[in-house]
Amino acid sequence: IVGHVRDGETMGAVANATVKLKDATGKDYQVTADSQGGYRFEGVAPGTATLSVDADEYLSFVAPADVKV
């Protein structure tokens, strides 16, 4: 899974956000977004995962993600 954390109003990158993922098998992953807001998870099992993002001065974001091989 590859993505970018962006401000919902300005669409600017949100650097250093904590991005967490729980895959369909229940395995937890955690990465920190880079200076461009980019993140990557590798080896995620297919199925429905839960993605969450936390960053200073922002509300938390939680959403399902459909992971396909």
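A salt bridge here is a side-chain nitrogen of Lys or Arg within 4 Å of a carboxyl oxygen of Asp or Glu. The side chains of Lys 22 and Asp 28 fit that description, with an N to O distance of 3.3 Å. The model is predicted. The points below cover its charged side chains, its largest nonpolar core, the pairing of its strands, and two residues with positive phi.

**Salt bridges**

- The structure holds 2 salt bridges.
- One of them joins Lys 22 and Asp 28. Lys 22 has a relative accessibility of 40% and therefore counts as partly exposed, while Asp 28 is exposed because its relative accessible area is 53%.
- Asp 66 and Lys 68 also meet through their side chains in a salt bridge, at 3.8 Å from N to O. Asp 66 counts as exposed because its relative accessibility is 55%, and Lys 68, at 67%, is exposed as well.

**Asp 7, a buried charge**

- Asp 7 sits in the loop that runs between β1 (2–4) and β2.
- This residue is buried but takes part in no salt bridge. Its nearest side chain of opposite charge belongs to Arg 6, 10 Å away. That distance lies outside the cut-off of 4 Å, so the pair does not count as a salt bridge.
- The side chain of Asp 7 does make a polar contact of 3.0 Å with the side chain of Tyr 58.
- Beyond its neighbours within four places in sequence, Asp 7 is in contact with Gly 12, Val 14 and Tyr 58.

**Largest nonpolar core**

- The largest nonpolar core has 15 residues, and the members that touch the most others are Val 5, Ala 17, Val 19, Leu 21 and Phe 41.
- At least two residues of this core come from each of β2 (18–22) and β5 (47–54). β5 gives the largest share, 3 residues.
- With neighbours within four places in sequence set aside, the contacts of Val 19 include Val 5, Phe 41, Leu 51 and Val 53. Tyr 29, Gln 30, Val 31, Tyr 39 and Ser 52 are also in contact with Val 19.

**Strand pairing**

- β5 pairs with β2 in the antiparallel sense, over 5 bridges. Within this pairing, Leu 21 has Leu 51 of β5 as its bridge partner.
- β5 also pairs with β6 (residues 61–67), again antiparallel, over 7 bridges. Here Ala 49 is bridged to Ala 65 of β6, and Leu 51 to Ala 63 of β6.
- Leu 51 thus has a bridge partner in Leu 21 and another in Ala 63.
- β5 and β6 form a hairpin, with 6 residues between the two strands.

**Positive phi outside glycine**

- Most residues other than glycine have a negative phi.
- Met 11 is not a glycine, yet has a positive phi of about 65°. Its place is in the loop between β1 and β2, and Met 11 is exposed because its relative accessible area is 53%.
- Glu 57, also not a glycine, has a positive phi of about 70°. Glu 57 lies in the loop between β5 and β6, in the turn of the hairpin these strands form. At 83% relative accessibility, Glu 57 counts as exposed.

Notes: Residues are numbered from 1 along each chain as its sequence is written. This is a predicted model: local features need pLDDT of at least 70, side-chain atom pairs count only at pLDDT 80 or more; totals for chains, interfaces and linings use all residues. Side-chain values use heavy atoms; hydrogens and water are left out. A nonpolar core is a set of buried Ala, Val, Leu, Ile, Met, Phe, Trp, Tyr and Cys residues joined through side-chain atoms within 4.5 Å. Buried means under 20% relative accessible area, exposed over 50%, partly exposed in between (1.4 Å probe, protein chains only). Helices (H or I, at least four residues) and strands (E, at least two) are DSSP runs, numbered from the N terminus. Contact means heavy atoms within 4.5 Å. Two strands pair if DSSP finds at least two bridges between them. Lys and Arg count as positive and Asp and Glu as negative; His and the chain ends are not counted. A polar contact is a pair of N or O atoms within 3.5 Å; within protein, one must be able to donate a hydrogen and the other to accept it, and residues adjacent in sequence count only if both atoms are side-chain atoms.
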